[in-house]
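This report goes through the chains of the structure shown below, their contacts and selected elements within them.

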Amino acid sequence: MRYLLRKMSSVIMTLFLVTVITFIVFEIIPGDPIAAKLGIEADKVQIEALRKELQLDQPLIVRYKDWIGNALKGDLGISIRFDEPVINLIQIRMMVTSRLALIALVITIIIGVPLSIITAKYDNKGIGIGTSIFSQIGMALPSFWLGILMTYLFGLVLKQFIPGRYVPMEQNFVQGLNYLLYPAIAIAIPKIAVVVRYLRNAIMDQTNQDYVRTAYSKGLRSHQVMVRHILRNALIPVITIMGMIIADILGGSLIIEQVFTIPGIGRLLIMGISNRDFPLVQGMVIYIALIVIAINLLVDIMYHFIDPRIKLN
Amino acid sequence: MKKRKYSFNFYIGIVIVAFLLGIVIVSFFYTPYTVTQMNIGKKFLKPCWEHLLGTDHFGRDILSRIMMGSQTAFQVGLISIGIGLFFGILIGSIAGYYGGIVDEILMRIMDAVIAFPGLLFALMFVAVLGQGIVNTMIALGIMSIPQFARITRSGFLQVKPLKYIDMAKSIGVSNFRIMMVHILPNVISPLIVACSMGFASAVLAEAGLSYLGLGVQPPNPSWGRMLSESQMYLLKAPTYSIVPGIFITLSVLGFNLLGDGISAIRDPRK
Amino acid sequence: MNQLLDVKDLSIAFETNEGLLKAVSNVSFQLHENAILGIVGESGCGKSITAMSLINLLPSNAIVSSNQMLFNGMDLRSIDKNKLYEIRGKDIAIIFQEPMTSLNPLMKVGQQITEMIRLHENSTLKEAKQKTQWMMKKVGLSNVKKLYHSYTHELSGGMLQRVMIAMAMICQPKILIADEPTTALDVTIQAQILELMKQLNKENHTSIIFISHDLGVIKEMCTEVMVMYLGYCVEKADTSVLLKHPAHPYTYGLLQSIPNPKKGKSRLYAIPGRILKLSERPKGCPFCTRCKRATEKCRTQLPELQEISTNHFVRCFYPLDHPQN
């Protein structure tokens, strides 16, 4: 409990600083957001009115307080380009991106974990070096390049999907899932490499522990020992990097959406940046950062649920 | 056996990095063709003797563009790491040396910078400052500050309780000198490792930003932008898409392995 | 008394980077029903791996060979995997040296016992839980309902060793292998655990193979003793015979180094010399480098294990005085 309080206070501190950074960064915009919105030929009265509307005449702290107050109420401002509340724009796109990220996460886990087990099981020099080389290469692969290669192979050559023609899941579940599958794999491959690199070592460490010998002495079969005893212990160090992996998957989908023209938050963000739609970009940055912080907190809490030893301190 | 495996990483890393560095150096004096030289009649050539890696949609030699792109990648990597290293050491030293509230505030800010996932922080900067190679380097540099700050600070925390620092202070050695002579040597090798790894992620990030059209702008050549240009002609010229990706992967791999290898040599237990 | 276990000429070697390392050489022993067989020797003498090899718990680089390894009339060398899994835990159970690390830190201790029941008996989870708590009480744990849900880091070494014993005994195995069960514990707890094991041996008719480096503990516990040195059985006899008439110089040295408060000797005896590594094993008698009585013959020739009186075996050219000699 005390741990949770301490953790929460540090998360709130981080949240606060993240909002401050985001706020300040958007204060140093070169050029005039008003000129961007009204064009160069706007007259003085119009400019003054908009200045008031955007509260640019207020001091920094007041504006921050207003901005954060509104943000807490779910109001992230109005997009200049779309003339719509930013939060609405984000929420629609977030549906798509969260699906993509979720599929990528599932793929990472259902491939990464068994692969770690298999490579850890055959603990010899060849497999050790082979796994190490493959995971190093895997981690170095840029997911957007993998995405392009997959577009070529599965889209253009094997014709498993039509590149550029995104199908929403609501419209056709199977096709929608199929379309998200390839970008998800592209995001997942480097993350699988990360999982294998860490989990394989953790499994091999755990395999030499005394309690594993005890488990065998009970008459458990080796797959039972692996799942019930070794894996549980080996996953603990991996869970600590899980938050980072999820953040990376979310970050990776920002770019991959561009490769596959998926209308998620990544495309929206790029559109916002290209159009210098600052309220949109600012709102999205804060939104995404918040989600990632929340996920990290969640992973952290989960970690303390899984490992009973930590509750003591 | 373990030790050999790690130095194996180190050697492979060295070889890859040396290879890429060689390309960078050669590109300053020689490229097979000038990168801007278009030849519409020679569009989308497959790799052949005249054009080892083929040509692009304007008939430009891909090998020459890759070579020029390596300059950009290394430039972005070096300068952003330089920015990160300079401010990281500065902030880490101040935090570690003074401790207390100063430390708390600085490190909290560093935590907050790390809390932005992936490219988001860089994207935010590019959105505000505008696109281009300089802003890309600044954004990636700022992104890498916390890494270096944390390492520097941890070095201070390790060394601070030791007696000889007190002695140095008591005989009137200046704060700056204490930092430079007594503490920095202790963190130099983790910093080198972080530089190598950071270089790898800077190259990857630059490629990502440029792919999105928000990083390096023409006429500066960039592997990432080559990828985004090539995507339109994927069916016609797949090698055009494959080659820049290989070079990005190779750079990231080389610097990661190098960093890994250095840290393994430094601490064989790991 | 029936023979439960009959092992003949057991040898164990390990494949290592430096080549084949012989860890156990031609060890033979029998275990009778209700008996407690002690295996004693310094660390690295092969006493633990001798016991572990019975149910194939050695690392994969171990090479085990023997002429016979009969358990209850069944040859352990040729049984199939499924039978082996059945024997492990159910017929032959083990208590390990370090209770703190030998239990899974992420699993409730009660669950770890229940897992054993569910593996070998057809019982519902509820029955298994009840049986677990009953057994935990039986090994002297109190407040078992709460303890059932504890984790290893919440219990003391003595309590954990009781949990280990409960786990090993829960399926009423025919043989219990106790691998230095008290070495990691406080002296006061040691006595309690030994007493508990004796009691379980009497009540459940479980035979025990008791492995220890401490002849003082062995003499309290065991009916028979086998002394091992550098992978060889150097002496084997009933406990009473061995204590009164040790025939091997090594056994004699071990007996001398047991602290004896009655004698009031201020200085404790220690066998001179150091324990050799397996790779440095001499050509002749394994003990010749530390034996005061060693001759040239000892250094070049390996003495055979000979029966000097009924059921008293010794591997020495010059056994110490013996009444029947």
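At what angle do the axes of helix H5 (residues 86–121) of chain A and helix H11 (residues 265–274) of chain A cross? In this predicted model, the crossing angle of H5(A) and H11(A) is roughly 135 degrees, and their axes come within 8 Å. H5(A) and H11(A) are therefore oblique to each other. On the H5(A) side the contact is formed by A:Leu89, A:Ile90, A:Arg93, A:Met94 and A:Thr97, and on the H11(A) side by A:Ile265, A:Gly266 and A:Leu268. By class, this contact has 5 nonpolar, 2 polar and 1 charged residues.

**Chain A as a whole**

Chain A contains 12 helices and 0 strands. The C-alpha trace of chain A spans about 85 × 55 × 35 Å along its principal axes. Of the 313 residues in chain A, 40% are buried. Among the contacts in chain A with a separation of 6 or more, 73% are between residues 24 or more positions apart.

**Contacts between chains**

There are 2 pairs of chains in contact, and chains A and B share the most contacts. Chain B and chain C do not touch, and the nearest C-alpha atoms of these two chains are 10 Å apart.

Chain A and chain C do meet: 22 residues of chain C are in contact with 18 residues of chain A. Four elements of chain C each supply at least two residues of the side that touches chain A, namely helix H2 (81–90), strand E7 (92–95), helix H3 (99–102) and helix H4 (109–120). H2(C) gives the largest share of that side, 5 residues. The residues of the side of chain C that touches chain A divide into 11 nonpolar, 6 polar and 5 charged.

**Domains of chain C**

Chain C is divided into domain 1 (3–91 + 175–188 + 205–314) and domain 2 (98–172). The C-alpha centres of these two domains of chain C lie 30 Å apart. In the contact between them, 7 residues of domain 1 of chain C meet 11 residues of domain 2 of chain C. The domain 1 side of this contact has 4 nonpolar, 1 polar and 2 charged residues.

The table sets out the residue classes of three contact regions.

| Contact region | Nonpolar | Polar | Charged |
|---|---|---|---|
| H5(A) with H11(A) | 5 residues | 2 residues | 1 residue |
| Side of chain C that touches chain A | 11 residues | 6 residues | 5 residues |
| Side of domain 1 of chain C that touches domain 2 of chain C | 4 residues | 1 residue | 2 residues |

**The sheet of chain C**

Chain C has an open sheet of 8 strands with mixed pairing, in the order E7-E8-E9-E3-E10-E11-E13-E12. E7 and strand E12 (306–309) of chain C stand at the edges with a single partner strand each, so one side of each has no neighbour in the sheet. From one strand to the next the twist averages 20 degrees.

Within this sheet, which sense of pairing joins strand E10 (residues 224–229) of chain C to strand E11 (residues 232–238) of chain C? E10(C) and E11(C) pair in the antiparallel sense over 6 bridges. One residue pair in this register is C:Val227 with its bridge partner C:Glu235 in E11(C). Helix H11 (residues 249–256) of chain C packs on the sheet and touches strand E3 (36–40), E10 and E11 of chain C. The direction of H11(C) makes about 110 degrees with that of E10(C).

Note on methods:
Residues numbered from 1 in each chain as written. Chains lettered and ligands numbered in written order. Predicted model: local features only at pLDDT ≥ 70, side-chain atom pairs only at ≥ 80, totals over all residues. Domains from an automatic or database assignment. Nonpolar A, V, L, I, M, F, W, Y, C, P; charged D, E, K, R; others polar. Axes fitted to C-alpha atoms, helices over the stretch in contact; angles between N-to-C directions. Parallel < 35°, antiparallel > 145°, perpendicular 65-115°, else oblique. Buried ≥ 20, exposed ≤ 12 C-beta atoms within 10 Å, placed from the backbone. Pairing = 2+ DSSP bridges.
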